[in-house]
Amino acid sequence: GSSLCGALRHQMEKIEKELDIHINLEELFGTTAETQRKNDSVAHASRLKTDESYLDHGHFLTSTRTSIDRFPGSALDQSLFTQNVYIGGDGVLKFYLPKNEKLNPHIGLLLLALEDLRKGYCALGGSTSIGYGILNGDEIKVNEETIDINKNEYVDALAKVEE
């Protein structure tokens, strides 16, 4: 859950920059003790909760690769390694948020980040540079209803945010 939330937060920050808006993501993701001291704010836990996510119906792919020395760009001596990667599975990612109109723009931004994740523009985990961690989703549902990202009250609330 924390890896998923971290990836989504990072993607939300990228989208914020692209849209040239600012939303206080701490409202959604909570604050750390360091942030609390720095901003002289009240700490609170993340409002975004996730379920454990499991993949089914996939299979392991064994791949053997060579580590690359990042300075000269050549193969490291005796650096052959083999790994198993789980591919082709399906699963469901579930998130829970409190119903709070103040969070509507945050939810709109989250939905845009989930859309990027669903389409494979945002990857999860390690080895993303070689194509691992890329998801392909079918749909995004809010309260069990499939949503259209282009016609959505939360994304509309995000559009009304001023710098």
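**Burial, helices and backbone angles in a predicted model**

Phenylalanine 29 is buried, its relative accessible area being 13%. The model described here is a predicted one. Phenylalanine 29 lies in helix α2, which covers residues 26–29. Apart from neighbours within four places in sequence, phenylalanine 29 is in contact with Cys5, Arg9, Met12, Ser46 and Leu48. Its C-alpha is 7.1 Å from that of alanine 45, a residue 16 positions away in sequence.

The protein chain as a whole contains five helices and six strands. Read from the N terminus, these elements follow the order α-α-α-β-β-β-β-α-β-β-α. Along the principal axes, the C-alpha atoms of the protein chain fill a box of roughly 55 × 40 × 25 Å. Of the 163 residues in the chain, 28% are buried. The accessible surface amounts to about 11,300 Å², and carbon and sulfur atoms account for 48% of that surface. Among contacts with a separation of 6 or more, 58% are between residues 24 or more positions apart. The chain carries 17 positive and 26 negative charges, and the mean positions of the two sets are 2 Å apart.

Cys5, one of the contacts of phenylalanine 29, was also examined for disulfide bonding. A disulfide is a covalent bond between the sulfur atoms of two cysteines. A search of the whole structure finds zero disulfides. For cysteine 5, the nearest cysteine sulfur is that of cysteine 122, at 12 Å. Cysteine 122 is likewise in no disulfide, and the nearest cysteine sulfur to its own is that of cysteine 5. Because a disulfide requires two cysteine sulfur atoms within 2.5 Å, the 12 Å between cysteine 5 and cysteine 122 rules out such a pair. Cysteine 5 counts as buried, with 13% relative accessibility. Cysteine 122 also counts as buried, at 5% relative accessibility.

Helix α4 spans residues 104–119, which gives it 16 residues. From its first C-alpha to its last, helix α4 reaches 22 Å, close to the 22 Å expected at 1.5 Å a residue. Most of this helix is covered, as 14 of its 16 residues are buried. Just after α4, glycine 120 takes a positive phi of about 90°.

Alanine 157 belongs to helix α5, formed by residues 153–159. Leaving aside neighbours within four places in sequence, alanine 157 is in contact with Asn104 and Pro105. Residues 104–119 make up helix α4, so these contacts join α5 to α4. Between alanine 157 and glycine 89, in contrast, the C-alpha distance is 34 Å, with 68 residues separating them in sequence.

Positive phi angles also occur at residues other than glycine. Most residues other than glycine have a negative phi. Aspartate 20 is not a glycine, yet its phi is positive, at about 55°. Aspartate 20 sits in the loop between α1 (2–19) and α2. With 58% relative accessibility, aspartate 20 counts as exposed. Histidine 57, again not a glycine, has a positive phi of about 65°. Histidine 57 is found in the loop between β1 (49–50) and β2 (59–68). The relative accessible area of histidine 57 is 67%, so this residue is exposed.

Note on methods: Residues numbered from 1 in each chain as written. Predicted model: local features only at pLDDT ≥ 70, side-chain atom pairs only at ≥ 80, totals over all residues. Heavy atoms only, no water. Buried < 20%, exposed > 50% of the residue type's maximum accessible area, 1.4 Å probe, protein only. Helix = DSSP H or I, 4+ residues; strand = E, 2+ residues; numbered from the N terminus. Contact = heavy atoms within 4.5 Å. Expected span 1.5 Å × (residues − 1). Areas by Shrake-Rupley, 256 points an atom, 1.4 Å probe, with all protein chains shown as cover. Lys, Arg positive; Asp, Glu negative; His and termini not counted. Charge placed at Lys NZ, Arg CZ, Asp CG, Glu CD.
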